[in-house]
Amino acid sequence: QLQLVESGGGLVQPGGSLRLSCAASGFTLDYYTIGWFRQAPGKEREGVSCIRSSDGSTYYEESVKGRFTISRDNAKNTVYLQMNSLKPEDTAVYYCAADRVSITSVQAMCVFMAFSSWGQGTQVTVSS
């Protein structure tokens, strides 16, 4: 059974950093695209960053470029989202999701949230 478990969320001051982890079980990352998404109160869920494990292709939403970094550790079957220079507007529940690698681009998968398996989410709050 495919399962995704997020961790690493919490409360951080503006300008601070957090590293989110998405631990996968029931499948191996090698043939999957993994994405990080977020949903703030009263807003729609949006794609933050995605990575295709087979070739390392990545996508970042414009507002997080240069601040967030997505990476994977296939040996640990885990995908990370390093978040630096956090802003109050980054406050949201962050979810990871997975789907098999396909001919669809990483950007399209991320923007249109074309993922079939989702984790439960982890809260990130950026506040002084």
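**Close-up 1. The largest pocket holds about 160 Å³ of space.** The model is predicted: local features need pLDDT of at least 70, side-chain atom pairs count only at pLDDT 80 or more, and totals for chains, interfaces and linings use all residues. Residues are numbered from 1 along each chain as its sequence is written, and side-chain values use heavy atoms, with hydrogens and water left out. The lining of the largest pocket comprises 13 residues. Arg38, Ala40, Lys43, Glu46 and Glu89 lie nearest the pocket centre. By class, eight lining residues are charged, three are polar and two are nonpolar. Here Ala, Val, Leu, Ile, Met, Phe, Trp, Tyr, Cys and Pro count as nonpolar, Asp, Glu, Lys and Arg as charged, and the others, Gly among them, as polar. A pocket is found on a 1 Å grid over the protein atoms alone: it is an open set of points where a 1.4 Å probe fits, with protein on both sides within 12 Å along at least five of seven lines. Lining residues have an atom within 4 Å of a point. Grid points are joined across faces, edges and corners, and the volume is the space filled by probe spheres set on the points.

**Close-up 2. Strand β9 (residues 92-100) is mostly covered.** Seven of the nine residues in β9 are buried. Buried means under 20% relative accessible area, exposed over 50%, and partly exposed in between (1.4 Å probe, protein chains only). Strands are DSSP runs of E, at least two residues long, numbered from the N terminus. Two strands pair if DSSP finds at least two bridges between them. Strand β4 (residues 32-39) runs antiparallel to β9, with eight bridges. Tyr32 has Arg100 of β9 as its bridge partner. Strand β11 (residues 122-126) also pairs with β9 in the antiparallel sense, over three bridges. There, Ala92 is matched with Val124 of β11. Strand β10 (residues 117-118) makes two bridges to β9, again antiparallel. Ala97 and Trp118 of β10 are bridge partners.

**Close-up 3. Strand β1 (residues 3-7) has a covered face and an uncovered one.** Leu4 and Glu6 form the covered face. Gln3, Val5 and Ser7 form the uncovered face. Strand β3 (residues 18-25) pairs with β1 in the antiparallel sense, over five bridges. Gln3 sits opposite Ser25 of β3. Glu6 has Cys22 of β3 as its bridge partner. β3 also pairs with β8, antiparallel, over six bridges. In that pairing, Leu18 stands opposite Met83 of β8.

**Close-up 4. Ser21 is a buried residue of strand β3.** Its relative accessibility is 16%, so Ser21 counts as buried. Contact means heavy atoms within 4.5 Å. Beyond four places in sequence, Ser21 contacts Val5, Glu6 and Ser7, together with Trp36, Thr78, Val79 and Tyr80.

**Close-up 5. Thr78 lies in strand β8 (residues 78-83).** Why does Thr78 count as buried? Thr78 is buried because its relative accessible area is 7%. A polar atom of the Thr78 side chain lies 2.9 Å from the backbone oxygen of Lys76. A polar contact is a pair of N or O atoms within 3.5 Å; within protein, one must be able to donate a hydrogen and the other to accept it, and residues adjacent in sequence count only if both atoms are side-chain atoms. Not counting residues up to four places away in sequence, Thr78 touches Ser21, Cys22, Ala23 and Leu29, as well as Ser71, Arg72 and Asp73.

**Close-up 6. Val79 also belongs to strand β8.** Val79 has a relative accessible area of 1% and is therefore buried. Its C-alpha atom is separated by 8.8 Å from that of Gly35, 44 residues apart along the chain. With neighbours within four places in sequence set aside, the contacts of Val79 include Leu20, Ser21, Cys22, Leu29, Ile34 and Trp36. Ile51, Ile70, Ser71 and Arg72 are also among them.

**Close-up 7. Asn77 and Ser85 have positive phi values.** Neither residue is glycine. Asn77 sits in the loop between β7 (68-73) and β8. Phi of Asn77 is near 55 degrees. At 12% relative accessibility, Asn77 counts as buried. Ser85 is in the loop between β8 and β9. Phi of Ser85 is near 50 degrees. Ser85 is partly exposed, at a relative accessible area of 41%.

Definitions and conventions: Helices (H or I, at least four residues) and strands (E, at least two) are DSSP runs, numbered from the N terminus.
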